[in-house]
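Open the model in your viewer and keep the selection tool at hand. The stops below go from a whole chain to single residues and then to the contact between chains.

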Amino acid sequence: MPPLLPMILAAPALGALALCGVRQERVSLIRRIAATVTGLSLLAAVRMMWTFQPAVSGYQFEVAVPWISSLGISLHLGVDGINAVLVLLHALCSFSGVLISYAVKDRVKEYYIFYLLLITGVFGVFLSLDLFFFYFFYEMAVIPMYPLIGIWGSDVKEEGRVRFSKEYATMKLTIYLTLGAVVALIGLLWLYIQSGARTFDLPALQHHLAAAPLDPSLQRWIFPLLVIGFGVIAPMWPLHSWSPIGHAAAPSAVSMLHAGVLMKLGSYAIIRLAIGLLPEGAAMWMPWVAGLCVMNILYGGFVAMAQKDLKLIIGYSSSSHMGYVLLGIACLTPLAMNGAVLLMFAHGIMTALAFAVVGHIYDQTHTRYLPDLGGLAHQLPFIAVCGVIAAMASSGLPGFANFVAELLVFLGGWDRYPVQIICGVFGVVITAVYMLRLVRGTLFGPPKPAFAHVHDAATPFARLPFVLLILALLFVGCWPQPMLRIVDSGSRTLLERANPPVIAMRREVRIGVQAEVAP
Amino acid sequence: MIPFDWRLIAVEAAASVWILVLLVADMLMPPARRRNLWLLAFAGILVCLTLLFWQQQTFLEGSAQEMLVVDAFSLFFKGLFLLTGLLVIIMTRESGLALNESPGPFYLLLFTALLGALVLASVNDLLMLFIGLELLTFSLYIMAAYLKRDARSVEAGMKYLIMGSVSSGFLVFGIALLYGFAGATSFPQVSHAIFLAPKTPSIYAGLFLVLAGLGFKVAAVPFHLWVPDVYEGAPAPVVAFLSVGSKMAGMVALMRVLYGVFLPLVATWSNLLAWVAAATILYGNLGALPQTNFKRLLGYSSIGHAGYLLMGISSAGWSGVTAVGYYLLAYMLSNLAVFLVLIAASGALGGETLDDFKGLGKRSGLLAAVMFIGLLSLAGVPPLAGFVGKLLILLSAAERNRLWLVAIGAVNVAISLYYYLMIVKRMYLDPPRSASPIPITPLTKTALIVLVLGILAVGICQEPFLQRISTALPY
């Protein structure tokens, strides 16, 4: 079998490198290169999912290249059920994003270079099984956002005046994410030193910590550093304020990746690093996290109801929906964890679809201000269908992947946090309110003469990204079993160590050992 | 008496000879052709680099009369000094400054400064420490004030001279105290004397005075006050040498002295430097936030970088020194790239304030891209060189269990990213003041590309560089 994971990671990186050598004027060649490399990654990711064996525990498709041996750093790639799904999500979103980017006309070469670097960074985070490279790719994914939003983004306007300038939005985003990253870095370095394993390799570190767990008093302090640091990008309330503005100011293809995938970096890091390495810290802190998730769901939802900019509505809805993901993670039960990971996938695809729709509307009408829009279903029948589908998926209608995922979170978390789950279910109603309001305000109603000239996505090529994303939503929504089996294989292994009974047992063993040593 | 081996001081000897060559050439050449002196200076550095390479290939190690030692540590840093000199020559040629009206003495001073730095890399004696430091600093006093008709340049030179002389006074006083106590100036002998009687007050006085003298060179808080003014006023190529070559030399001398002489007092200076490092990082990065002049901003940022380097030195040990070596390599490449762009662009942009850089991305894609990469590398963004340097420094401090210091260092990465990105914002997001493209000479273009490739190589393939550095420990 070909080395699938290095292929997935290397294709966009080599694409970015190749683009540096192409002349600025050859726009169609540049677009073709970008579409080819992301398409290759997508094919490799589909092949990986196809050949993934859920029955086998542990990491699959592993590749390890020693990098800095004196510090125990290696370029270690591998997937289990959790990140395999996320790699597929990212491959889908980035390929559709490249196709959507055909609307970009200005400084095309630089745009695609930064976009491919961003894609490489995110793939790197999902694939790395090494703390050094995890952080390396994480920062690498954050920084291209700055020029992408700053140069190709747009100001958030309301009634003709600028509410947030794109310069403000992009700087806020970059500084928030970098601050979060360095807080997490402090935690990771502390963990590296205290574990005594002298390795950045994740499986080796997990193995070491399983045999000699960190003292609970240490886990109590390192765990919040990781959760706060990665929670910024997740985005966890009250650290979310960068995210809706950032989404709104970004060009649509970047918003797609940003809301669809980048936020999942945070929740993935919390699953993989915080829970995977510090199970006892997780047991101590997760009730607090669950409380914050409720704030995420309700606060994000209420604020989304009040917005008038299309992208801000979807931006706040994203931070609201990430509350369900984090709530599922906080439950620490396999069922809820499966739901959380599946929801990451479902929400990523759904929100990418929504941003693609809004991006198309904005490109055609040059406005995203809800009171100015209306009746677009007359001119944009295809886009209108896609928009309605995204709204239905977002409000958790059966048949779409989001329904399955949210249901799993609610069922899996009921025993652990019933009050929070009830609040979460109420959040679904809020979602329905603002999504239906959005659909009614933009698509339905009498046609407006100002928009008589707008064009639908007419060519098969322009429709491909929308169709791809909708098919993914429907496939997983109607037949979730194959993907769920893959996710389940990953989350079970992970949670075996984080389960309260297991922790209690280990604690007893430790006390027993101390008692033996004491006299 | 140990027989004297000339090969040990081959590089320093070549540099000294070249000072004379430049002096004579400047006198003999007709004034119209003196612009070409840069070629001679360039050749001189290449000769020194060749000799250095030969020393390294023959595994030459030892000490010349106990005064200078040649080991992997000194060879590594001498290489960095010479490369810096090479780029400063290119910058000088590129800058449209009055420097080029009579470049002879300028290149001569550059060589004396380099000679001082070379001596400091090998220093093994308190007297040599003083001589090396004064050679370096005296040359820089004159170089900073080289634009005689520019009041700001003269002011910069004057400020530097006054602050520098006071700190030299501290250093000499410290050396005198140590000599009075140990009866010798050679590092091993003084170190042995300290080892035998570590609690003597005059030793502590000597330690603090020497640290004060060197702290001035590396711009550590509270000896940093000269930096912003000198950086703003002095000619840009001189500032480049000041912030890269001179800072590196100061750091190398600091490591030589701390590990060579004061190793018995490691607990004292390690804690002291940790506090100094924290203050320096905070001062430099917070001070850079409101700046509007590019060189002044780089001055503050260089104070911040000095803080990170001191942090690495303060975590005394293998990992700390390796991290400092790596950080210096990354800092050299990134800072030189930034300065080269600054110099190549400032003529066409008409000034050195930050607002002059508005729209650079539209006027010269290459210059803006190199500046972008250089600044991000200084901020510590992967996959660039600065990231690995910062990570190694933080790791070394974490190994000493100084979590508070790690936290200060890590948070300041985000702060520094803010002011570096404000420059990027001006270059890419703001409209240019004029649309005419900026011409770049082929030599500068080559140098820019080499620097960027270096930044990427050091950032991505860490292993070969790390191995080279980790074999180069001072003791």
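Select chain A and colour it by burial: 60% of its 519 residues count as buried. This is a predicted model.

Now switch to the C-alpha trace of chain A. Along its principal axes the trace spans about 90 × 55 × 40 Å. How does the radius of gyration compare with that of a compact globule? For 519 residues the globule would have a value near 24 Å, and chain A has 22 Å, so the two agree.

Turn on the cartoon. Chain A shows 21 helices and four strands. Next, draw the contacts within chain A. Among those with a separation of 6 or more, 82% join residues that are 24 or more positions apart.

**Stop one: a hairpin**

Select residues 156–158 and 161–164 of chain A. These are strand 3 and strand 4, which run antiparallel and are joined by three bridges. Pick A:Glu158 and look across: its bridge partner in strand 4 is A:Arg161. Two residues lie between the strands of this hairpin. Click on A:Glu159 in the turn: its phi is positive, about 50°.

**Stop two: helix 18**

Select residues 418–443 of chain A, which form helix 18. Place a distance between its end C-alpha atoms. They are 38 Å apart, and 26 residues at 1.5 Å a residue should span 38 Å, so the helix agrees with expectation.

Which residues of helix 18 of chain A are buried? Start at one end with A:Gln420, A:Ile421, A:Gly424, A:Gly427 and A:Val428. Continue with A:Thr431, A:Tyr434, A:Met435 and A:Leu438, then finish with A:Thr442 and A:Leu443.

Keep those residues selected and show what surrounds them. They pack against helix 12 (279–306), helix 13 (310–331) and helix 14 (334–365) of chain A. Their other packing partners in chain A include helix 15 (376–379), helix 16 (381–394) and helix 17 (401–413). Then step past the helix to A:Gly445, which follows helix 18 and has a positive phi, near 100°.

**Stop three: the contact between chains**

Bring chain B into view. The contact takes 23 residues from chain A and 25 residues from chain B. On the side of chain B, select helix 16 (385–399), helix 17 (403–428) and helix 19 (462–470); these are the elements that give two or more residues. Which of them gives the most? Helix 17 of chain B does, with 12 residues. Colour this side of chain B by class, and you will find 20 nonpolar, two polar and three charged residues.

Conventions: Residues are numbered from 1 along each chain as its sequence is written. Chains are lettered from A and ligands numbered from 1 in the order in which they are written. This is a predicted model: local features need pLDDT of at least 70, side-chain atom pairs count only at pLDDT 80 or more; totals for chains, interfaces and linings use all residues. The radius of gyration is taken over C-alpha atoms; the globule rule is 2.2 Å times the number of residues to the power 0.38. A residue is buried if 20 or more other C-beta atoms lie within 10 Å of its own, exposed if 12 or fewer, and partly exposed in between; C-beta atoms are placed from the backbone. Two residues are in contact if their C-beta atoms, placed from the backbone, lie within 7 Å. Ala, Val, Leu, Ile, Met, Phe, Trp, Tyr, Cys and Pro count as nonpolar, Asp, Glu, Lys and Arg as charged, and the others, Gly among them, as polar. Two strands pair if DSSP finds at least two bridges between them. The expected span of a helix is 1.5 Å times one less than its number of residues.
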